[in-house]
Amino acid sequence: MATRTTTTSLTRAARAPSADQRDADFTLEALAVAYFDCRKRKRNTPSALAFEQNLERNLIQLRDELVDDSYTPGVSTCFIVTRPKPREVWAADFRDRVVHHLLYNKIAPRFYATFIADTCACIPGRGTLYAAQRLEAKIRSITQNWIRPAWYLKCDLANFFVAIDKAVLHAQIQARVPEPSWMGLAETILLHDPRSNFQLRGTPELIARVPPHKRLLNQPDHLGLPIGNLSSQFFANIYLDVLDQHAKHQIRARHYIRYVDDFILLHESPQWLNAALANVNEFLPRVLHAHLNPTKTILQQVERGVDFVGHVIKPWCTRTRRRTVHEATNRIARIHATDVFTSANSYFGLLRQSASSHADRVALARAVLRRGHCVNQAFTKTYRKSI
């Protein structure tokens with residue numbers, strides 16, 4: 001287990017609430033709801049099973065710690081994922097994830113009520129399919145169903161999660177969370193540095209595949225959120241809401257959409273988009289202490305195809321990104337036989353999101369058939385191999 005001593009310049013500004021107030025805020029009922037939300041896809045993990053063995057006792061203990069302000073986050077696990085590219089992931093202990101859901105359930109609605117409709121990712125009902133369909137609708141609107149020419153500007157923030165300024169984010173949360181107890185919990189989660197107490201899993205060769213500037217371990221104490229936690233995804237949307245509002249109300253972009261740190265603006269004039277790019281390049285460092293990745297900034301005509309959230313939108317044709325299709329067929333050909341059923345159906349579900357996906361589903365079906373599984377006539381799902 002690795003340990004690291006860190007400090008932060010941020011301190012709690014909220015006045016400590018009374019014991020009665022904290023009792024009212026942190027109830028067993030709310031914790032139970034947070035627990036059931038948290039375990040939906042994590043029930044069979046070792047930490048989730050250990051927590052469930054003494055569920056009532058653990059929830060009561062967690063409630064007591066929250067009430068008397070003695071709760072502190074536990075050990076995180078750091079590991080590396082390689083798809084779609086090497087990335088450092090930090091997984092909080094199951095007990096801490098319950099607390100993340102508790103805070104999220106309480107304060108998320110007030111933030112979501114003010115987010116623009118074009119803010120996507122980590123919002124109920126606004127996943128990749130929502131983002132792709134909304135962008136396609138905007139493209140059809142500005143081109144009048146592909147009749148008129150239009151341009152798009154696609155931007156990406158550099159090293160987004162590991163470059164988030166916690167001081168800026170802290171002020172954004174504090175402006176919308178006046179309750180001392182809930183703001184205190186938000187600060188505990190935001191200001192906790194997982195690098196101070198974590199387990200590192202993975203070989204040195206695998207860890208070395210992550211570029212040093214993209215590793216949370218190499219960032220200053222005031223920068224970075226751990227990728228992999230619900231709280232980080234939620235906080236990231238709060239952080240970039242000011243960019244969304246600026247794009248809509250100051251730049252006055254009629255056609256704008258953002259998914260995590262990728263965002264697109266549409267306009268009939270490339271000159272207007274260049275001016276918008278200059279505006280964003282001035283705004284981000286000044287307000288958010290963030291920067292665009294110049295190597296991923298694209299300005300070109302819409303008719304050449306817009307690659308966004310895994311979909312490529314072209315005139316009268318929306319397909320899944322070629323790289324994703326190739327990865328799906330290659331992976332089905334290589335993985336263990338027991339994993340073909342679940343992986344293939346996941347890929348079929350992904351490909352079905354694109355309107356023009358028949359040829360891609362046929363290619364995936366052929367790979368599945370070569371592994372000895374059956375596929376339905378519509379090429380939308382496979383079946384378990386009979387024994």
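This section describes helix packing, strand pairing and backbone outliers in a predicted model.

Helix 5 takes part in two of the helix contacts described here, one with helix 10 and one with helix 8. Helix 5 spans residues 94-112 and helix 10 spans residues 230-249. Their axes come within 10 Å and cross at roughly 20 degrees. Angles under 35 degrees count as roughly parallel, so helix 5 and helix 10 are roughly parallel to each other. The crossing of helix 5 with helix 10 is left-handed. From helix 5, the contact draws on His-100, His-101, Leu-103, Tyr-104, Ile-107, Ala-108, Phe-111 and Tyr-112. Helix 10 supplies Leu-230, Ser-231, Phe-234, Phe-235 and Ile-238. By class, ten of the residues in this contact are nonpolar and three are polar. None is charged.

Helix 8 covers residues 180-191. Its axis lies 11 Å from that of helix 5, and the packing angle is about 135 degrees. Angles over 145 degrees would count as roughly antiparallel; helix 5 and helix 8 are therefore oblique to each other. The crossing of helix 5 and helix 8 is left-handed. On the helix 5 side, the contact involves Val-99, His-100, Leu-102, Leu-103 and Lys-106. On the helix 8 side, it involves Trp-182, Leu-185, Ala-186 and Ile-189. Seven of these residues are nonpolar, one is polar and one is charged. His-100 and Leu-103 of helix 5 appear in the contact with helix 10 and also in the contact with helix 8.

A further helix pair is formed by helix 12, residues 322-334, and helix 14, residues 358-370. The two axes are 8 Å apart and pack at an angle of about 15 degrees. Helix 12 and helix 14 are therefore roughly parallel to each other. Their crossing is right-handed. Arg-322, Val-325, Ala-328, Thr-329 and Ile-332 line the helix 12 side of the contact. They meet Asp-360, Ala-363, Leu-364, Ala-367 and Val-368 of helix 14. The contact of helix 12 with helix 14 has seven nonpolar residues, one polar residue and two charged residues.

Strand 7, residues 255-259, pairs with strand 4 and with strand 8. Four of the five residues of strand 7 are buried, so this strand is largely enclosed by the rest of the structure. Strand 4 consists of residues 119-120. Its pairing with strand 7 is parallel and runs over two bridges. In this pairing, Thr-119 stands opposite Arg-258 of strand 7.

Strand 8, residues 262-267, runs antiparallel to strand 7. Five bridges join the two strands. Tyr-259 has Asp-262 of strand 8 as its bridge partner. Strand 7 and strand 8 form a hairpin with two residues between the strands. Within this hairpin, Val-260 takes a positive phi near 55 degrees.

Strands 10, 11 and 12 form an open sheet of three strands. The order is 10-11-12 and the pairing is antiparallel. Strand 10 (306-308) and strand 12 (317-320) are the edge strands, each pairing on one side only. From one strand to the next, the twist averages 20 degrees. Strand 11 comprises residues 311-314 and is joined to strand 10 by three bridges. Across this antiparallel pair, Val-306 stands opposite Ile-313 of strand 11.

Positive phi values also occur at Asn-159 and at Phe-379. Neither residue is a glycine. Phi of Asn-159 is near 50 degrees. This residue sits in the loop between strand 5 (151-156) and helix 7 (166-174). Its relative accessibility is 25%, and Asn-159 therefore counts as partly exposed. Phi of Phe-379 is about 60 degrees. Phe-379 lies in the segment after helix 14. Its relative accessibility is 24%, so Phe-379 also counts as partly exposed.

Terms used. Residues are numbered from 1 along each chain as its sequence is written. This is a predicted model: local features need pLDDT of at least 70, side-chain atom pairs count only at pLDDT 80 or more; totals for chains, interfaces and linings use all residues. Side-chain values use heavy atoms; hydrogens and water are left out. Axes are lines fitted to C-alpha atoms, for helices over the stretch in contact, and angles run from 0 to 180 degrees between N-to-C directions. Angles under 35 degrees count as roughly parallel, over 145 as roughly antiparallel, 65 to 115 as roughly perpendicular and the rest as oblique. A crossing is left-handed if the near helix is turned anticlockwise from the far one by less than a right angle, and right-handed if clockwise. Contact means heavy atoms within 4.5 Å. Ala, Val, Leu, Ile, Met, Phe, Trp, Tyr, Cys and Pro count as nonpolar, Asp, Glu, Lys and Arg as charged, and the others, Gly among them, as polar. Buried means under 20% relative accessible area, exposed over 50%, partly exposed in between (1.4 Å probe, protein chains only). Two strands pair if DSSP finds at least two bridges between them.
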